[in-house]
Amino acid sequence: MLKITDVSKTYGNNKVKAVDNIRLEVAAKQILGFIGPNGAGKTTTMKMITGVLEPDAGQITINGHDIITDPIAAKQNFGYVPDSPDMFLRLKGMEYLNFMADMYGVSAEQRREKIAGMGETFEMTGALNGRIQSYSHGMRQKIIIMGALMHNPALWILDEPLTGLDPRSSFQLKEMMRQHADAGNAVLFSTHMLEVAEKLCDKIALINRGKIIFFGELEELIARHDNKSLEDIFMEVTANA
Amino acid sequence: MRKFWAMVRVFLTVIVGQALNMKVGGKESKWAGTLLWGVVALCMLPMGFLIYWMINDLYAFFAQAGQISLAVGITLNMGSILIFMLSLMAAPAIFYFSKDVEFILPLPVKPTQIVGAKFAVALIFEYLLAVVLVVIMFFALWGNVGAGMITFNMLLAALTLPILPLIYSTVIIMLLMRFVRMVRDPDKYNWIVGLLSLGFAVVFVIYSQDMVTLDEESLLSMLMGEPVAMTALNAVFFTNHLSALAVGAADFGTAVLLQLGSLGVAVAGLVIFFMLAKALYFKGVIGLSESGAGGKKMTREDIMTGAVGQSIFKAYIMKEIRVLFRSPVAFMNCVLMVLFMPIILAISFVPLLTAGGDDTLMEVLAAVDFSDPRIAAIALVAMAILSLTMSGAATITASAISREGRNFFVMKYLPVRYRTQLNAKAASGLIVIGVGLAIVFVPLFILFQPPVLLAVGGVLITLPAAVFLNYLGLYFDLLKPKLDWDNEAEAVKQNMNILLMIFGGMGVAAGVGVAGWFWLHTPLVAFAALFGGGIALMALALYLALVKGSALLKRLH
């Protein structure tokens with residue numbers, strides 16, 4: 001579903017690479033947790049996957065479409081939830097969802113079903129007539145998540161999605177991520193919440209100083225580190241890397 | 001007191017920093033911001049001179065009649081009204097929407113110190129305006145009555161000029177924020193005040209036109225009769241009344257007493273203000289950031305009827321127009337400049353058109369003979385000039401990327417070609433310009449009744465001119481977008497691209513005027529040159545915005 005091959009990125013004239021020759025792969029039905037300390041290269045990687053930044057080297061394909069040579073088809077195949085939900089603030093919730101559905105060419109029937117379903121799940125139906133500007137942080141997060149899922153993307157990318165969500169919405173989002181993957185899609189999300197990654201992810205990618213220092217199943221990572229907790233492993237590998 | 005001054009310093013640093021800092025070559029530069037404000041100040045100079053001449057004429061006239069203090073009172077009151085209106089717009093940003101109170105309240109400072117510091121900051125900015133106004137009045141007075149006690153008293157008037165207007169506006173704002181929930185939304189507040197200011201501007205223009213039609217004798221006798229409006233203004237801005245009396249006082253002692261009286265009234269005003277602020281401010285400011293979705297509650301049935309699709313291009317244009325019209329700062333600066341200015345100009349010109357007895361200007365204009373080739377050519381050139389000036393003033397596309405701010409990256413991950421997105425942004429600008437041009441041209445066509453062919457030719461000339469500047473503005477904004485801002489006003493008001501477009505539009509219009517004067521003497525030549533030139537420039541702008549612009553957008557991060 002998502003294939004990142006030997007991707008590197010350097011900002012400006014810096015000699016230090018923000019992302020250094022990384023390789024990742026997320027298959028259908030998988031949830032990949034992308035973890036690493038601040039400034040490790042998570043956001044840069046996500047920006048390159050979504051086409052916001054161009055890599056200096058390497059290739060990124062989404063469902064077989066190269067993000068550089070076939071960008072529109074590649075973008076059509078993912079839904080993105082950025083780390084800050086302060087977007088489209090002057091649109092009403094419903095206007096935003098219609099806009100996103102139009103951008104991704106979602107049929108009227110599918111959008112009705114999606115908006116009604118997700119509105120109920122996230123308890124957002126009543127608020128859809130209000131401007132996003134008037135929403136709380138959590139409500140903004142929910143509406144952006146709804147927008148990203150309007151076209152039922154093959155790959156769902158989320159940058160720190162749980163920040164600001166109440167426990168119920170947080171639980172529901174994790175359930176949705178699982179359901180989305182189980183339906184034959186893939187999920188990639190970055191997080192600092194190691195316990196969430198521990199419980200939810202099929203695979204973990206641990207990044208530090210631009211390099212992937214581990215990519216594989218969680219059990220494998222734990223076995224390699226004498227059955228320590230993910231938190232202990234994280235502290236250890238990010239300190240020594 | 002140390003804490004008070006520390007807060008004043010912090011509040012000022014934040015505001016001045018926001019106003020002055022501009023990104024040049026990816027780095028913050030105070031010099032670039034200072035330069036921009038310098039250019040703005042230079043642009044305001046002609047208006048300053050215009051105000052000076054008006055005040056000078058007024059003072060000269062009243063000085064002859066021995067009523068100089070009456071004239072000083074009028075100008076001081078006008079200044080106070082201006083300060084009042086401007087502070088209605090600016091003070092909420094300092095007192096409420098900066099949202100810093102919630103961070104300051106937990107600190108060990110007294111509430112009165114917080115209000116005091118905020119009031120002091122607002123007052124400092126109002127003093128800047130007051131000093132400019134009083135200096136203009138001072139020179140006008142000096143020119144008419146010479147240097148001496150009178151002019152010295154005029155300078156002293158600056159001390160109290162902004163205090164009462166700022167107190168009034170701040171108390172009104174506090175009452176509104178405390179009791180009217182709707183205005184707690186910065187957008188809605190700016191809308192209300194913006195429209196009120198425009199309404200005030202229209203009333204002022206109409207009132208001024210009425211005054212212009214009066215002869216000097218009638219004007220003097222009207223003002224000497226102390227009309228209700230003037231008596232009311234003297235009572236409301238009592239410090240001005242006392243300052244004006246001091247200017248006209250016969251002896252030094254009386255003048256000093258009156259100035260001290262003015263200062264005393266200002267101090268009393270401040271005491272009352274702090275008492276009111278204590279009761280109103282904190283109850284209004286707490287919970288300002290609390291949010292809950294507004295609007296009518298949506299139901300499942302509403303979703304079934306409301307979830308409808310449209311083409312990508314149309315949906316994108318609708319999104320652009322909604323955002324543009326719902327953002328007060330963008331609407332006031334980019335849209336209203338095009339839609340409202342023609343109306344203001346029309347109101348200003350109507351009395352001139354109808355004045356003059358038997359042969360009014362309107363009748364003269366209506367009798368224009370378009371069969372004269374020179375006149376027909378002038379008409380075409382004039383339409384091109386109008387189109388260029390208005391398209392340049394629209395600045396919708398010149399700020400289209402900047403207004404996206406840090407969220408510009410959304411443009412990059414949507415599965416929509418950059419060209420389509422840029423065309424949609426340009427289309428939103430063209431729609432507004434089209435409406436603005438219609439507001440201007442339809443009444444002109446009715447007034448002049450030009451031959452159909454000439455009217456069609458004129459409209460054909462305006463189209464490439466509008467498209468050219470619209471896409472050129474988009475290209476400029478793609479070249480140097482101002483994306484790093486905290487307040488949308490920075491993207492619109494402190495954006496060099498916008499100044500470039502306004503002056504660029506005027507420059508090209510001036511070029512067309514010169515060409516028209518020297519070479520375009522027949523309608524056919526004028527049409528061929530303006531339409532042909534317009535098409536060529538339009539093609540260039542389309543290439544720059546869509547081909548080069550897409551590449552720029554691709555590299556933007």
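1. Two strands pair if DSSP finds at least two bridges between them. In this predicted model, strand E1 (residues 2-9) of chain A runs antiparallel to strand E2 (residues 19-26) of chain A, and 5 bridges join them. Within this pairing, A:Val7 stands opposite A:Ile22 in E2(A).

2. E1(A) is also joined by 5 bridges to strand E4 (residues 57-62) of chain A, again in antiparallel fashion. Here A:Thr5 faces A:Gln59 in E4(A).

3. The E1–E2 region also carries a salt bridge between A:Arg23 and A:Asp6, with the closest N and O atoms 2.8 Å apart. Since A:Arg23 belongs to strand E2 of chain A and A:Asp6 to strand E1 of chain A, the pair ties together parts 17 residues apart in sequence. A:Arg23 is exposed, at 53% relative accessible area, whereas A:Asp6 is partly exposed, at 28%.

4. A second salt bridge involving E2(A) connects A:Asp20 with A:Lys211 (3.1 Å, N to O). This pair links distant parts of the chain, as A:Lys211 lies in strand E10 (residues 211-216) of chain A, 191 residues from A:Asp20.

5. Between chains, A:Arg90 and B:Glu488 form a salt bridge (2.8 Å, N to O). A:Arg90 sits in the loop between strand E6 (78-81) and helix H3 (93-103) of chain A, and B:Glu488 in helix H22 (residues 488-493) of chain B. A:Arg90 is buried, with a relative accessible area of 14%, and B:Glu488 is buried at 10%.

6. The largest nonpolar core comprises 167 residues, and A:Ile143 and A:Trp156 have the most contacts inside it. Helix H21 (residues 452-479) of chain B gives the most to this core, with 13 residues.

Conventions:
Residues are numbered from 1 along each chain as its sequence is written. Chains are lettered from A and ligands numbered from 1 in the order in which they are written. This is a predicted model: local features need pLDDT of at least 70, side-chain atom pairs count only at pLDDT 80 or more; totals for chains, interfaces and linings use all residues. Side-chain values use heavy atoms; hydrogens and water are left out. A nonpolar core is a set of buried Ala, Val, Leu, Ile, Met, Phe, Trp, Tyr and Cys residues joined through side-chain atoms within 4.5 Å. Buried means under 20% relative accessible area, exposed over 50%, partly exposed in between (1.4 Å probe, protein chains only). Helices (H or I, at least four residues) and strands (E, at least two) are DSSP runs, numbered from the N terminus. A salt bridge is a side-chain nitrogen of Lys or Arg within 4 Å of a carboxyl oxygen of Asp or Glu.
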